[in-house]
Amino acid sequence: MTKVDIFSGFLGAGKTTLLRIVSGLDQADSGTILIGSKDCTKLPAYQRGVSMIFQNAALFPHTKVRDNILYGIHGKCSEEQLQETARLMSVSQLLERYPEGLSAGEKQRVGIA
């Protein structure tokens, strides 16, 4: 069990706030954020090596799965890398579809990709 798991039964315990602070989406009012032994308190989100997937996938509804994945990595990958990422996340067959036609689990996998 991780430290975050101990809060899972408590509404309003600050679980999401904690995750947003650790990932760098929000700033802490006080304290230090250590990831391993590295102080990440002042690092921007993109330098922390932490990602978070929200319960409701934040996909662009007007954009195909392929482009949603490419947007997340700023379009900086080859077709081969895109295909490998899609294969690893079991969404290869979804690349030309739009998010509205995906199941909740498929949307989560696209968000992770």
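Helices (H or I, at least four residues) and strands (E, at least two) are DSSP runs, numbered from the N terminus. On that basis, the elements of the chain run α-β-β-α-α-α from the N terminus on. This is a predicted model, in which local features need pLDDT of at least 70 and side-chain atom pairs count only at pLDDT 80 or more, while totals for chains, interfaces and linings use all residues. Residues are numbered from 1 along each chain as its sequence is written, and side-chain values use heavy atoms, with hydrogens and water left out.

**Figure 1. Overview of the chain.** The secondary structure comprises 4 helices and 2 strands. A residue is called buried at under 20% relative accessible area, exposed at over 50%, and partly exposed in between (1.4 Å probe, protein chains only). By this criterion, 22% of the 113 residues of the chain are buried. Contact denotes heavy atoms within 4.5 Å. Among contacts in the chain with a separation of 6 or more, 48% come from residues 24 or more positions apart.

**Figure 2. The largest nonpolar core.** A nonpolar core is a set of buried Ala, Val, Leu, Ile, Met, Phe, Trp, Tyr and Cys residues joined through side-chain atoms within 4.5 Å. The largest such core has 12 residues in all: L59, V65, I69, L82, A86, M89, V91, L94, L95, L102, V110 and A113. The elements that contribute two or more residues to this core are α2 (65-72) and α3 (79-88). With neighbours within four places in sequence set aside, I69 touches L82, V91, L95, V110 and A113. In soluble globular proteins, nonpolar side chains tend to be buried together.

**Figure 3. Packing of α2 against α3.** The two helices, α2 and α3, pack at an angle of about 105°, and their axes are 11 Å apart. Here axes are lines fitted to C-alpha atoms, for helices over the stretch in contact, and angles run from 0 to 180 degrees between N-to-C directions. This angle makes α2 roughly perpendicular to α3; the classes are roughly parallel for angles under 35 degrees, roughly antiparallel for those over 145, roughly perpendicular for 65 to 115, and oblique for the rest. On the α2 side, R66, I69 and L70 meet E79, L82 and Q83 of α3.

**Figure 4. The aromatic pair F60 and Y71.** Rings of Phe, Tyr and Trp (its six-membered ring) pair if their centres lie within 6.5 Å; planes under 30 degrees apart count as stacked, over 60 as edge-to-face and the rest as tilted. A search of the whole structure finds 1 aromatic pair. F60 and Y71 form this edge-to-face pair, with 4.9 Å from centre to centre and 90° between the planes. The pair links distant parts of the chain, F60 being in the loop between β2 (38-39) and α2 and Y71 in helix α2, 11 residues apart. F60 is partly exposed at 34% relative accessibility, whereas Y71 is exposed, with a relative accessible area of 55%.

**Figure 5. Contacts between two loops at T63, Y98 and P99.** T63 belongs to the loop between β2 and α2, while Y98 is placed in the loop between α3 and α4 (104-112), as is P99. T63 is buried, at a relative accessible area of 15%; outside its neighbours within four places in sequence, T63 contacts N68, Y98 and P99. Y98 is partly exposed at 37% relative accessibility, and, with the same kind of neighbours left aside, Y98 contacts P61, H62, T63 and K64. The C-alpha atoms of Y98 and L59 are separated by 9.4 Å, although these residues are 39 residues apart along the chain. P99 is buried, with a relative accessible area of 5%. Beyond its neighbours within four places in sequence, P99 is in contact with L59, F60, P61, T63, N68 and K107. Between the C-alpha atoms of P99 and H62, 37 residues apart along the chain, the separation is 7.9 Å.

**Figure 6. Cysteines and individual loop residues.** The structure holds 0 disulfides, a disulfide being a pair of cysteine sulfur atoms within 2.5 Å. C40 is buried at 1% relative accessibility, whereas C77 is partly exposed, with a relative accessible area of 22%. K42, in the loop between β2 and α2, is exposed, with a relative accessible area of 76%. K42 and Q27 lie 15 residues apart in sequence and 8.6 Å apart in space, C-alpha to C-alpha. In the loop between α3 and α4, S90 has a phi near 55°, a positive value in a residue other than glycine. S90 is partly exposed, with a relative accessible area of 42%.
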